[in-house]
Amino acid sequence: MPADAQAALFVNNNQRTNYLGESRDGVVFRVKDDHPDFQNAGDPVAVFGMANSAGFGFESTLKNMTFDVGAGNEGARGVTWFSNNGGTLANVKIVARERGGTRAGVSGLNIRNDNNGPSMIRDLEIVGFDKGIEDVYGLWQHTLEHIRVEDQNVVGYSKGSMTTSLRGFTSVNSVPAIQMGASSGVLVLIDSSLTGGDASNAAIEFDWGNLFVRNVDTEGYGQAISWPDGGQTLVTGPNVDEYSVRRLGANGGTLEEDPYITKWPSETQSLHLTKDGVIPEVPEVAWETNMANWDGPHNHGGVAGDSADDAAALQAAIDSGATTIYLPGTATWKIAQDVYIRGNVRRIISFSRTNVNAKFILVDQDVNANTVDPATLPDAVTMQHFWLFNNDYGIEHRSDRTLVLDGVYVTEARAGADGNGPMFTRDVSGSIRVSHGRDVWARGLNTENDEPNVGNINDGGQLWVFGFKTERGGVKIDTKNGGRTELLGGHVAETTTGNASPIFRGTDAAMSLVGFRTSSFMEDTFDVFVEDTRGGESRTVVRGDGGLGDGWATGDGRAVVAYFGHSGNNDTAVVNRHVFYNNSAWDGDDPGANGNDDDAIAPDKTALPPGEQASFANYTSYHRGINGVMIDIDDLADPAGLSAADFAFATGNDSEPADWGAAPAPASVTVRPGAGVDGSDRVTLIWADNDFDGIVDANEAVAKDWLEVTVQANATTGLLDADVFYFGNAVGETGDSTTDAFVNAVDGAGVREHPRSGRDPAPIDYAWDITRDRFVNAVDSAWVREHPTSGRNVLNLITPPVPEDGPLGVFETGEDVGNVGVTGSSSHDAGLYTLEGSGWDIWSDYDAFHYLHEDLSGDGEIVARVTGVENTNEWAKAGVMFRESTAPDAKFVMVLQRPDNQVTMQWRDATGASASWTGSLVGGTSSVKYVKLVRSGDSFTGYYSIDGSSWTTIATHTTDLGDTARVGLCVTSHNDATLATATFDTVSVTPSP
């Protein structure tokens with residue numbers, strides 16, 4: 001190696017250059033121990049180095065390798081990374097070997113060069129070095145995901161002036177995990193774990209810059225976040241739910257905590273878009289190892305570089321039945337006609353340039369272009385390494401399946417109105433269009449547009465952008481018509497004239513814009529950063545607003561830690577409730593959920609609210625029972641995450657719903673965003689038709705009874721308070737009386753006297769059409785004749801009471817049990833329960849904790865999502881409990897969650913006896929849990945769930961608690977000198993107290 005070399009393997013021109021290993025463990029570059037060229041820490045040398053290409057090192061790739069700097073090489077770096085306008089470093093390990101308890105080396109990954117980024121860095125492991133990762137200066141932006149650093153000597157990640165979005169960061173270190181010391185630096189850190197800390201250090205040392213942290217756990221450190229310059233603790237920890245801070249050189253070094261901006265009544269935290277409660281990972285499509293299943297246009301008459309259209313040859317390869325389609329060579333393939341990705345294809349990959357004046361379209365078709373059930377096709381399709389020049393459109397997702405775009409340069413990618421499958425993008429340069437009801441999850445998005453064009457448009461869908469870079473003028477993200485957009489980290493370069501538009505625009509939509517900054521290269525800069533319009537009134541965030549951090553290294557740039565433009569719970573409301581005749585002539589005899597169900601809504605039926613007496617307007621006579629209910633919710637918080645767990649269902653026939661039994665859950669819950677009244681979200685609940693065999697089947701429709709529907713107040717629905725309503729069913733009843741709902745000879749006579757045929761079909765509200773098939777004939781008469789009612793089984797015209805939901809929600813009493821060191825408390829607000837409790841534990845022969853409870857006689861169940869447990873001790877615990885009494889040594893059964901989100905089940909079988917448990921923790925640590933405890937006689941079964949829909953049994957245990965037990969929520973700090981806070985939502989007790 002030459003004496004002046006910057007690296008052992010040095011890349012001087014890295015534009016669109018791919019360095020691909022067979023596997024991370026199969027390709028290893030190793031430096032000899034004590035190598036003389038790697039001894040000067042003041043002038044370090046990288047094992048693999050990439051040159052600063054002055055802004056033109058586009059779309060480079062480094063994957064599937066290990067770089068080992070050996071032992072005793074104090075002047076070694078692992079990799080000096082450079083790529084811009086895209087590029088990916090993935091599945092790489094960088095290690096310094098241990099000698100005498102030290103792993104020497106300057107840094108594992110260095111991304112310090114100017115003009116570096118944007119790029120995607122993922123699935124990276126770094127062991128050893130003084131610094132695991134370092135960025136010192138530079139423009140642009142990098143997106144890092146699933147990064148592990150371990151055993152560093154100084155710091156896990158030394159954060160400089162770049163804009164960085166970091167998710168899934170695992171640091172196992174006694175030294176600080178992160179240090180921030182550049183006033184222009186921006187870091188968005190989410191969903192991470194910083195462990196192994198020394199109590200003399202903070203997990204995150206923040207001195208300068210812009211920092212946003214969400215869902216980060218720490219362990220062992222003295223503080224979660226500190227300010228060394230000011231000698232202050234910013235966040236004690238150990239866990240950080242959400243926190244932001246900034247300190248800029250332009251503001252004289254003043255530290256500002258939670259410097260968010262909002263222009264409307266809004267939430268004061270980020271939108272936190274999820275799918276089923278979590279941010280979904282990018283699906284990884286397995287590589288096809290049988291080369292017989294690979295095909296490409298070159299096998300069907302296509303020739304790269306000859307200027308002829310290769311679209312037909314590419315389509316023929318796709319329709320050959322192959323699973324992997326590739327475009328080989330270095331010459332340009334010309335695509336001048338639309339190409340349909342269909343059939344068996346799982347991956348389509350290009351190793352060359354493509355000149356495209358057409359579209360690539362993912363459809364649910366077989367190789368003969370016939371529409372087929374998506375379940376018969378691959379679940380996910382990946383389109384990879386495409387460089388699409390000269391195209392006006394690019395890629396369209398028209399499928400119910402998943403589309404992944406990975407390392408693609410495209411003018412525009414659309415999740416269109418056809419299809420409902422999600423789209424994932426990773427390291428994509430181009431614009432995205434999101435239609436109503438579609439979900440797009442974008443990582444490392446690079447959009448360049450100019451006035452008067454708009455970059456990304458979210459028209460009523462859900463757009464999550466983690467890591468964003470853009471240049472030039474024009475609106476960068478336009479969110480409208482109920483769309484929900486979350487941006488987590490971005491860099492906006494003002495590089496051209498014509499910047500009259502706002503950077504971000506929202507119109508009757510929800511926006512959460514976190515951790516973005518601008519850099520100015522022109523005098524014509526953006527004056528308006530955010531334009532937020534609601535109900536025709538626009539409010540703006542402008543350059544001169546005090547909420548913007550002013551000034552940084554390049555021109556007149558600005559930094560925004562967070563803009564919150566989403567109403568959260570404040571505007572969410574149930575605006576309509578419908579019953580409809582599912583699987584009837586009015587929806588095409590279709591038992592599924594779709595838009596045709598709107599035509600089956602009973603126009604003469606309305607929901608019965610609490611406090612009013614029932615009438616014929618509140619119950620149906622349909623022979624299939626109540627098999628379809630629709631609910632229109634304005635500003636539904638998380639349409640994609642809604643499930644049966646966000647509702648409660650009971651059935652009965654008197655005016656005391658508190659004593660009713662549980663009704664079957666619906667077979668399906670679907671959401672059509674914007675399809676309800678005045679553009680609200682329409683939620684459709686469908687049950688299986690009642691078969692009248694006397695056995696209540698799972699998901700079977702309620703018939704000859706009342707159905708109580710409760711829409712829960714929680715983070716998924718966004719409701720402040722639960723919404724409760726009722727519909728009834730009396731098969732064969734024709735509304736002949738205003739005072740009762742008897743099914744008798746009068747109804748039978750009415751059916752015979754009101755016949756309808758094909759020449760004169762019945763309208764949907766025709767009372768005598770029992771089967772809702774538009775005919776009134778002998779079939780309807782038979783249903784009336786075979787389902788008569790009397791005083792013993794008539795559908796009662798009930799008057800359900802207005803629920804009394806007091807300051808403690810569905811519970812009556814909150815109190816400390818046993819001797820506690822600090823007095824606890826209970827509160828309830830808008831469906832959220834907050835408990836604070838000290839106490840030594842719930843264990844052994846004596847308990848000390850805080851308990852919020854109510855008496856419950858007989859069988860029943862309690863369900864709750866434990867949204868947080870403060871980590872005052874590893875065995876601090878919160879959960880749901882049945883208890884014989886509030887005596888400290890009383891018998892009990894409980895399902896608990898610890899601070900690390902693991903769950904288990906405990907019990908005490910005799911007064912004063914030692915408590916026991918299952919002996920194991922289950923559920924993992926990645927997310928909070930729904931917990932459920934069901935009582936049947938003396939038998940108690942505990943469950944947990946990630947999504948509130950699919951339940952896993954923990955254990956079943958027998959304990960005699962007597963007929964009436966106290967049921968409720970509990971928390972203990974397992975540290976008698978301090979309180980632990982626990983929060984719960986989606987809480988229900990059945991039957992209700």
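This briefing covers two nonpolar cores, a buried aspartate and a helix. The model is predicted. The largest nonpolar core has 54 residues. Asp310 is buried and has no salt bridge. Helix H2 spans residues 745-753 and includes buried residues.

**Nonpolar cores**
- Within the largest core, the residues touching the most other members are Leu62, Leu109, Phe169 and Ile225.
- Strand S15, residues 202-218, gives the most to this core: six residues.
- Another core, of 53 residues, lies apart from it. Its members include Leu314, Met511, Phe516 and Val530.
- Beyond its neighbours within four places in sequence, Leu62 is in contact with Tyr19, Phe48, Phe67, Val79 and Trp81. Thr88, Leu89, Ala90 and Val92 are also among the contacts of Leu62.

**Asp310**
- Asp310 sits in the loop between strand S21 (294-295) and helix H1 (311-318).
- For buried Asp310, the nearest side chain of opposite charge is Lys334, 8.5 Å away.
- A polar atom of the Asp310 side chain lies 3.2 Å from the backbone nitrogen of Val303.
- Setting aside neighbours within four places in sequence, Asp310 is in contact with Gly302, Val303, Trp333, Lys334 and Ile335.

**Helix H2**
- The buried residues in H2 are Asp747, Gly748, Ala749, Gly750 and Val751.
- Helix H3 (778-786) is included in what covers these buried residues.
- Asn744 acts at the start of H2: one of its side-chain oxygens reaches to within 3.1 Å of the backbone nitrogen of Val746.

Note on methods. Residues numbered from 1 in each chain as written. Predicted model: local features only at pLDDT ≥ 70, side-chain atom pairs only at ≥ 80, totals over all residues. Heavy atoms only, no water. Buried < 20%, exposed > 50% of the residue type's maximum accessible area, 1.4 Å probe, protein only. Helix = DSSP H or I, 4+ residues; strand = E, 2+ residues; numbered from the N terminus. Contact = heavy atoms within 4.5 Å. Polar contact = N/O pair within 3.5 Å; in protein donor to acceptor, adjacent residues only side chain to side chain. Core = buried A, V, L, I, M, F, W, Y, C linked by side-chain atoms within 4.5 Å. Lys, Arg positive; Asp, Glu negative; His and termini not counted. Salt bridge = Lys/Arg side-chain N within 4 Å of Asp/Glu carboxyl O.
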